[in-house]
Amino acid sequence: MLLILEQLVNGLQLGVMLFLMSAGLTLVFGIMQVINLAHGSFYMVGAYAAATVAQLTGSFLLGLLAALPAAAIVGMLVEAVVLRRLYDRDHLDQVLATFGLILFFNELTRMLWGRQPLFMDVPEWLSGTVEILPGAPYPSYRLAVIGVGILVAVFLYLLFTRTRLGMQIRAGASNREMVAALGVNIRFLYTLVFGLGAMLAGLAGVMAGPILAVEAGMGEEILILTFVVIVIGGVGSIRGALIAALLVGMVDTLGRVFLPGLFRLFLPMAEADGIGASLASMSVYILMAVILVWRPRGLFPEPA
Amino acid sequence: MTYRRLATAGLIMGLVTGPAIAAEPVKIGMITTLSTKAGYLGEDIRDGFRLAINQGEGKLGGIPVELLVDDDGRKPGKGKQIAERFIKSNGTKILTGIVFSNVAMAVVPKVTRDGVFYISPNAGPSRLAGKGCSKNYFNVAWQNDNLHEAAGQYVNDKQFKNVYLLAPNYPAGKDALAGFKRYYKGDVAGEVYTKLGQSDYAAELATLRAARPDAVFFFLPGGMGINFLKQYAQAGLNKSIPVFGPAFSFDERILKAVGSAALGVRNGSQWSHDLDNPANKSFVEAFRAAYGRTPTLYASQGYDAAHLIGSALAATGGKPEDMDGFRSALEKADFDSVRGNFRFGPNHHPIQDLYIREVIQTPEGSVTNRIETKVFTDHSDAYASECRM
């Protein structure tokens, strides 16, 4: 029972990470109609910037403060230099260009930082464990990650429903020409949205830094799951991204933990482990397929 | 090989072949992995190999050599293309360098059949040690199972009775656990296969804690191992359950990225930078001076591969075309390995000593390996008896 609860928290934590990544991507996808495969690169930029600054200053918070603008600036540069030329093009061209950007950023980090993965530690004040229930110690850093995810969700909700900027962004998504005709600088707005998305990815990168290896190519691992999340949630919907991220986090975690055990009930151990492990890595995609059959445009489709 | 022996060998060869020692350097083709996240493995193999050439001022075994290097990107198909180009366009007779077993399986059987020597500085799949062995194939590193076997024997010696096993769900992961279990005789508390490339292990760690093992053995190469170790320490498990693994997850570059989370972990290896023999001392010193970092085991394997080739070049006067002569020279393994004890078994795989290293903190604060104990002396591999050359 205790184990199940602990695994639920693990699923929640993975879901929050995925939400940070997919919130930015779904914004760009839904509002600007651009497929951006290089979103994982902003995650990497965030992690590298944070790890470098944290190593130089010894402070995790300074690393975080440096990483957010770094990711946002890189994101806005990419938008201004590359993506702006691709808005009117076919999705395939966008895929090709942004895939090229992945290769570019990975090689760039290798040239700047070398092949050696960077070291980044949990800040001292979050390095312990907390007993979420008696007998179930849980790393406090992971609890902090969950907290940050909830804060970001609240921030995005307020931004989009309560501010003028959020209103303009939503308006720009539903009718670009009309908003431009009303005197809103839609070009600048797009750059801003893109920067915001990149910054959220950078934040995810910073949060991942102490848990994962900070190395070139780290963004691609999470990128695939991120795409699964935004497809399940409905392209362009932040609410959908939140629900889908938690769903994917739960299914992935619980599948990994309990499927092999389930198969062991009626199969020999070696086979059960093999089949269970394989099926667990498929579970997220099976979930996506099922949801798409049921709701072809995702859980919370944005009105087109 | 000492300088004097080298000089004598050169002199004798000079007498036999006459003064016209080939002006054309012997070409050695290195197919290795330099891109992708695993690129640092190939980089270290290449740098170790180059160091040996540079120390000989462009020569190996007194024979001028030219090293051709190309990146296989971890793809078997690409490795095959590069091999073909090296052999057909460059006329290479000696190939080396492959990091990954799947690339090796695509390249080695074909090139060795076609009369080219392949000296493996890393990958040692079981097939090439057993039924698929070849007289033109030499592995100067290890058979893949060896380092896991060392860990298994050590864990068994230390009377651990209930070990939890963890590896990625792919052939090398299953081989790793099989290698461990070949020498570990106690109970298995759990055997978990994770997704290849998985980065978050929170779920596995919670299950592991609930299974209450008295030790953990894991094989998670590269970034996966970094992630696992960091998260293991963050969950507070490193204080209660000791961890064991093969050296692949504890090379000097990984330790830099993991930091103190790896302290106290014990890992099986055929080499360590603090192995006490003259060849190793001068290698580690020269490597640090040349590249500004401590060599990994991969670098030591590249360095040994170069010296092995050098010994055969010296013995044949730089003529790998003389296949029988070159082969019997390779079989003698007449070079000073940085591992100390080293010779080839009948399947052209190493017979060598294996050690357990402990991850420690130096007084200056950096994290590194230290030899703790020798586990096997003159250890061979489990597949040698299946090899018919």
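Let's start inside chain B, at the contact between its two domains. Domain 1 of chain B puts 17 residues in contact with 18 residues of domain 2 of chain B. This is a predicted model, so keep that in mind throughout. On the domain 1 side, two helices of chain B each supply at least two residues: helix H5, 126-129, and helix H12, 297-316. By class, that side has 8 nonpolar, 7 polar and 2 charged residues.

Now the domains themselves. Each one is written as two segments. Domain 1 of chain B covers 3-142 plus 275-348. Domain 2 of chain B covers 146-269 plus 354-386. Their centres, taken over C-alpha atoms, are 29 Å apart.

Next, a sheet in chain B. What is the strand order in the open sheet of 6 strands? Reading across, the order is E2-E3-E1-E4-E5-E6, and the pairing is mixed. Strand E2, residues 59-60, and strand E6, residues 137-139, of chain B stand at the edges. Each has a single partner strand, so one side of each is left without a neighbour in the sheet.

Look at one pair in there. Strand E1 of chain B, residues 26-32, runs parallel to strand E3 of chain B, residues 63-71, and 7 bridges join them. If you want a residue to click on, take Ile28(B). Opposite Ile28(B), in E3(B), stands Leu67(B).

Let's move on to strand E10 of chain B, residues 243-246. Are the residues on its two faces buried or exposed? Buried, on both sides. Val243(B) and Gly245(B) are on one face, Phe244(B) and Pro246(B) on the other.

E10(B) also has partners. Strand E9 of chain B, residues 215-218, pairs with E10(B) in the parallel sense over 2 bridges. Phe217(B) stands opposite Phe244(B) there. Between E9(B) and E10(B), the chain passes through helix H9 of chain B, residues 223-234, and this β-α-β crossover is right-handed.

Then there is strand E11 of chain B, residues 266-269. E10(B) and E11(B) pair in the parallel sense too, over 3 bridges. Which residue of E11(B) is the bridge partner of Phe244(B)? That is Arg266(B). So much for the pairing; now the connection. E10(B), helix H10 of chain B, residues 252-258, and E11(B) make a right-handed β-α-β unit. Phe244(B) is the residue to keep on screen here: buried, opposite Phe217(B), and bridged to Arg266(B).

Over to chain A. Chain A has 11 helices and 2 strands. From the N terminus, the order is α-α-α-α-β-β-α-α-α-α-α-α-α. How compact is chain A? Its radius of gyration is 20 Å, close to the 19 Å from the globule rule for 304 residues, so chain A is as compact as a globular protein of that length. Along the principal axes, its C-alpha trace spans about 65 × 50 × 35 Å.

Two more figures for chain A. Of its 304 residues, 50% count as buried. Take the contacts with a separation of 6 or more: 76% of them join residues 24 or more positions apart.

Last item: where the chains meet. The contact takes 33 residues from chain A and 28 residues from chain B. On the chain A side, the elements giving two or more residues are helix H1 (2-32), strand E2 (136-139), helix H5 (140-162), helix H10 (238-264) and helix H11 (269-294). H1(A) gives the largest share, 6 residues. By class, the chain A side has 15 nonpolar, 10 polar and 8 charged residues.

Definitions and conventions
Residues numbered from 1 in each chain as written. Chains lettered and ligands numbered in written order. Predicted model: local features only at pLDDT ≥ 70, side-chain atom pairs only at ≥ 80, totals over all residues. Contact = placed C-beta atoms within 7 Å. Helix = DSSP H or I, 4+ residues; strand = E, 2+ residues; numbered from the N terminus. Nonpolar A, V, L, I, M, F, W, Y, C, P; charged D, E, K, R; others polar. Rg over C-alpha atoms; globule rule 2.2 N^0.38 Å. Buried ≥ 20, exposed ≤ 12 C-beta atoms within 10 Å, placed from the backbone. Pairing = 2+ DSSP bridges. Domains from an automatic or database assignment. Right-handed = clockwise from strand over helix to strand, strands pointing away.
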